[in-house]
Every structure is written in C-alpha cells, then in structure tokens.
Amino acid sequence: MKHENLIKLTSVILFLLISMASTGQISKTNYHVYFKKGTALPAENISDISNKTIIADNEQYGERYYRYIQFYKLPTPAIQKSLDQKGIKLLEYIPNNLYVASIPTTVNLNDLRALQVRSFTAIPANDKMDSRLEAETLPEWSIHKEQVRLILKYYSDINNNSVRAELNKLNIEIVAEMAHVDMFIIQLPPIQMQALANRAFVRYLDLESEPGKPESDDGRNLHRSNAIDVDYFGGYDFDGTGVSVAINDDGFAGPHIDFKGRADQSDVINDLSGTHGDMTVGIVGAAGNLDPRMRGMAPGAFLWVRAYSSSLPNTTALHQNNNVMVFSSSYSNGCNAGYTSTTQLVDEEIYDNPSLMQVFSAGNSNNNDCGYGAGTQWGNVTGGHKIGKNVIATANLYNDNSLAGSSSRGPASDGRVKPDIAAHGQGHYSTSPDNAYSPGGGTSAAAPGIAGVLTQLHQAYRELNNGANAPSALLKASLLNTAFDLGNTGPDFKFGWGEVNAYKAFKTLEEQRYVSAMIGTGNLHTHTLAIPAGVKELRVMVYWHDVEASTSAAIALVNNLDMTVNDGNGNIHYPLILDHTPDPVTLDNPAVPGIDSINNVEQVRITNPAQGNLYVKINGTAIPQGPQEYYLVYEYIYDEIMVTYPIGGEGLIPGASERIHWEAHGTTGNFTAEYTLDGNIWYTLSNTIPGDTRFYGFTVPDTVSL
C-alpha cells in the first residue's frame, strides 16, 4: 500500500506570554488558607504562644495532640530537621503554608518562634466533617438500617488497633478497615456524627462513596495497540504476557474460551449476573480464540476478575502480593463530588506504590448539571476516585474519533484537567457470555482499552529494562504526551490530552526519551534537549505523582512544579493551560501558554523548532511535602506517514469491510490511499481523504493477493 500527493500545512500555534497571576497562582505573601469550605486567614498569634497554652481534651490523644501550624514560608530542610528533632510531625498540607501537625505534649512551644511559625491554632470539629454531612437530609444510599455509613480518616501516626479499640468502646460498627491509608468504614446513628468528629483521634469524616453503577474490533487499531503486538515474525510482540491486570466490574466473566487459563475469579463472591464485566474484561485481554478480530489490547495478560465495590478493597494487597500492575473500573461513583476520602485513597495508594496505576471511566453523565457552575455540559465526571491526580480517567469516543455526547466532561471540582485521555468505547465489540461476542459502549468500554494498553507497556518496559517494573508515572506521562490531539489544540475538558496512541507511547520508552529527577522547594533543574533536523513539532511534558491532598483543601495540588523551555536566544515557552472559570464559553476555549499551579502535569509545544539545543527548566516552586520525583518526556513529530493497519501479517477476508489506519502530521490537504495485489500494479481507493483523517474504510477485494 502506498500514499502520495500528500499536502500538509503545519498548524501554527501562537504562544502568548501570560502574566504570572495566571490560573490557580498563589502569592508567596498570601497567608489566606484555601479550605474546601471557604477561605480563612489564621490569626498571626505566635507571639502569644507559650508553654502555658492549654491543650484541650478533644485534641490530645495519648502523648500527642493535633493542631494547625502555619509558617511564614514553606519550611526549609533545616527547619524540617529541627521539627523532626522536636518530635513535631507535619502530616498534611493545605495551601497556603499551613500543615496539620502532630505535636508531643512535652514540646517547648517557645521554640516555635525560631522556626518561622506564624500561626498555631486548634482544629475545630467542623473542619473534620465533610460538607455533605451538614445537609439536612443525608442521601438514601448512605443510610443502612437508620444508620449512616461513613469513612473515618484518623491521624496517620495513630495505630489502627488503637482506633479500632476506641470505636469498639463507643459501640460504633466497623464495616471495613483500610489500615494502609489510615481509614475505617463505619456505621453509626447520624446524631452521633458531631460527637465523633470531636474525638481527638479523628482527622476527617466523610460519606462512604456512592454505590457504583455500570457505565455502559476496531479498538486495537484505533489505539495503535496492534502496532506493538503484530502478526508477523520479528515484529513487536507486546501482548501483556507476564503482566497481571485487575478488572473491577459486575462479577463472573464468561464462560468464554478467550479467558481460559488466564483468569482468577476467586474474588467474585456475588455474581451480579450482568454482561458489563464480560465486555470490560474482553476489551482488556480477550484472546480472540473464536474470532481473532475480537482480541483485546493485552491478549497475553493474566486477568483478575473482581466484583466492583466503591471502597476499591484489596488494591494494594493484590499489587504487592500478586504483582497486579493495573486496575480498571468502569462504574460511576457520584458526580463531581470534589476531592473526597475516596479520591485521597486512590491518590495515596498510587503515590505509595510507584508501579501501580488505576484507570477509570470518566462517566456517561454529560447533559447533567453536577454543580460545577457552568450548566449541564461541564464538570460532570462521575465520582471521587476519577478526580484523583495520579489516576487516569478516560473519555469515550466513537470509532470515527468523535466524542460521544454522553461522555462526561471536566474540569475537576478544583479546575484540574479531567478527563485525562480518550479511547474508543462507543460500539466497541467484545466478549459476552457463553463464548459469544457483542457490542458494548460508554466510557465503560473506553477505560479497559487504556488499562490494556498500559498492560502492554508494562511488558515492554520490563523487556527493555532487564525485568524491572515500570514507574506508572512514566507510563502515564508517555501516554498523555503522545496522545493524538482531538478537539481544541492541546489539553481540553472534553478529550483530555487526546486519543491514546500505544505505539508512540512505546517508542518514548524504547528510545529512552525521558529523564527523572528529585526536586525540592526553590531548586531549579535544567535538562538539555538536542533537537534533530526536520522536527515539525516538539512536545515536552513534565509529570509527577503528587502526594495525596487534604480533604479539607480547596486545591488538590500539593507539590507545585513549574516548567519552561528556553531556546537559548531569550525566547521562553510556557506550558499550555486552560481557564477553568465556571462559564460554558470560557471552558470551551483553547489552551494558551501560561503558568499552571493546579495540575501535576504540564506540556510545552513548539512548532518547527530549530535544530540545536533547547533547555528545559523545572522549578520547584513550592514542595511542602518533598522532595518530589518527576518525569520529563519528550516527543519529536516529523512530516511523515506510517500505516498502522494493516501493518503486516493480517489475513483480510475478501468482501469484508476493513479500515486502513495511519499516522501523519498536519491536518490540511488530502491523503491518497492505494492498494496492490501483486506489488506492481496499484489501485486507487481515494485521493480526496481529508487531511485531519487517520483512517479510511474499504471493501477487501475478492481476489487472492501474493
């Protein structure tokens, strides 16, 4: 197959330099604290603090007590060392400069004056309760036999056995324990909530996550998954072999020969008797034994099939004990409820387990007003876990790359980019019970596509790095930076960073176009990129798994890094940012260059960069819980065409409908598609394929080719 008469004009991206007071920017001299419930200015009371300060019973637990400490500026390593020596632990950060602190009752409070402390205040019981608990009527799903089911977060330096004993003394029912993230799920009469919040060991009370609801081939080719798992000898063969992936869904999958010998379903206690899980499991890893066209993204992976629970139990246990690297869930969980305890749970699990990744459907709730403030077309991503900084939330595409009208849109409640990426879901064929195949749909089908691609990349990384497990931050950065741009140029609140491209993400790993480093507050790192000749577009992205945020904070970002790219001639390029003002027109505007202080991912794009050195600067603007590890990835885009399907070795059925898929730069002009049966004579399929198209449908000739 050959292509000619290609006319492409490179899109010009205008990089506007914006003022430092850009979206989410926080002044260094601003001592207001951005709580989720509103902004407050703590009293500058350090001169009044002494060892005569009274410690109330409701803030002391054992030999320690818990308070807010605000500093005049973020504590330096030297001050942090002094705090450690005094036994003062900074447990949680809320901007600006405020920490939830654990303090020994024996500490000399007069010493705080020498440690740049500005304010030292009690933590009110009201700050320990999510605003949803203050509603006159609690949601029906949270009530169980006239008791409310809650997530209790206790201070991280308190032993969970001690908290369990306290709850037993209070006759509070324990539903589940999550000691690895300092949480219990409990039940109690609603009238007792306030009294429990006033207990010294309680850090936060939140509603248990809303029970999940299901969110209801060409996908391998659209995702370029086939390009790294080819059918011819000597090509890439990354089918997920040796990698385990878990799919949380509606219970037992099958019976189906496509899973035979590669699935563990022992976690399924109650089969919900649906076919939703059959679809999602198949998209991740169906073998295509009955129909090779129905293969999933990772047909060699081992599949852990589980029944979905909103608390996402045993995630870290399966990761640490059974080497499950990727978890996929396609269930709703509320609607843009903000940074909840469930969000904190998934962010903390990934931050503490650097090879773990959790993938979620963004939701099918577009056309619903979930309270963001911009109507029914914005801010309706379904669930707390999907809003996490370290997870991946997936938008839903038709097979022509258009966005499904029901696909939930961002931003997150604090304005961050959501969804993260897009994948084919609508009309995606997959496995169904009794050895059959059926069409599915929704972001439910998009999320397992991403999970399957990540599984392939895990295998690829191991083979490239002597069996070492991949950092999931690197895999996520590689996916986002190489995504095929859809919608507005750059990131947007509909498609995220664009459509997944497994091949290009893999090439980032294979060609080692990435670096990693640790950075602290005030540090500046410079990375030099040698730009080859002929590059039409350069994409540079910095990404970091951020420490879990406080559920009390209005802004989820904790550690803030800032990236710029300098061409050596005084030209500075800034990352693309979006305006998250709750206005339907503003939210649909294209991204522009600026300074980002709310996302843990930033990307700079430069069109037609000159050959030679560029200098990427990473600034540790504010790292209150550091040092912070980050990954820098970069992509060179050339003026070239690569056919990704058929890629070689496929058997095409005469008379069947097929689609050619290809990679190319630019969106204007036309493509010409031709085919040959003997390698000599070429037949034209079309010479008027629009330049923004990356596939073309045709009927396979009823002729045997050589």
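1. A good place to begin is a charged pair: the side chains of Arg513 and Glu635 come together in a salt bridge, with an N to O distance of 3.0 Å. Because Arg513 sits in the loop between α10 and β24 (514-519) while Glu635 belongs to strand β33, this pair ties together parts that are 122 residues apart in sequence. Arg513 and Glu635 are both buried. Please keep in mind as you read on that this is a predicted model.

2. The pair has company. Arg513 and Glu635 belong to a network of salt bridges that also takes in Lys507, Glu510 and Glu511. As general background, side chains of opposite charge can pair when their charged atoms come close. Across the structure there are 28 salt bridges, so you will find others to look at; a couple follow in the next point.

3. How far apart are the closest N and O atoms of Glu59 and Arg67? They are 2.9 Å apart, and the two residues form a salt bridge. Both Glu59 and Arg67 are buried. Another salt bridge joins the side chains of Arg539 and Glu537, at 2.7 Å from N to O. Here too each partner is buried, Arg539 as well as Glu537.

4. Now to the open space in the model. The largest pocket holds about 980 Å³. Its lining is made up of 42 residues, and those closest to the pocket's centre are Phe484, Lys504, Ile637, Ala664 and His665. Several elements give two or more residues to this lining: the helices α9 (472-482) and α10 (502-510), and the strands β26 (535-543), β31 (601-607) and β33 (628-638).

5. Which element gives the largest share of that lining? The answer is β33, with four residues. You met β33 in the first point, as the strand that carries Glu635. By character, the lining of the largest pocket splits into 14 nonpolar, 14 polar and 14 charged residues.

6. Next, have a look at Ala253, which is placed in the loop between β14 (244-249) and β15 (263-264). Is Ala253 buried or exposed? Its relative accessibility is 3%, so Ala253 counts as buried. Setting aside neighbours within four places in sequence, Ala253 is in contact with Phe259, Gln265, Gly277, Asp278, Val281 and Val305. For one of these contacts, Gly277, there is also a backbone distance: the C-alpha atoms of Ala253 and Gly277 are separated by 6.0 Å, although the two residues are 24 residues apart along the chain.

7. Asn160 makes a helpful companion case, this time in a helix: Asn160 is part of α2 (residues 160-169). With a relative accessibility of 16%, Asn160 counts as buried, because the cut-off is under 20%. Beyond its neighbours within four places in sequence, Asn160 is in contact with Tyr154, Glu177, Ala179 and Phe184.

8. Last, a hairpin to trace by eye. Strand β36 (residues 670-676) is mostly covered, five of its seven residues being buried. β36 pairs with strand β37 (residues 682-690) in the antiparallel sense, over six bridges. Within this pairing, Ala673 stands opposite Ser686 of β37. How many residues lie between β36 and β37 in the hairpin? There are five, and in the turn Gly679 has a positive phi of about 85 degrees.

Note on methods:
Residues numbered from 1 in each chain as written. Predicted model: local features only at pLDDT ≥ 70, side-chain atom pairs only at ≥ 80, totals over all residues. Heavy atoms only, no water. 1 Å grid on protein atoms, 1.4 Å probe; cavity = no way out; pocket = protein on both sides within 12 Å on 5 of 7 lines; lining within 4 Å. Points joined across faces, edges and corners; volume = space filled by probe spheres on them. Nonpolar A, V, L, I, M, F, W, Y, C, P; charged D, E, K, R; others polar. Buried < 20%, exposed > 50% of the residue type's maximum accessible area, 1.4 Å probe, protein only. Contact = heavy atoms within 4.5 Å. Salt bridge = Lys/Arg side-chain N within 4 Å of Asp/Glu carboxyl O. Pairing = 2+ DSSP bridges.
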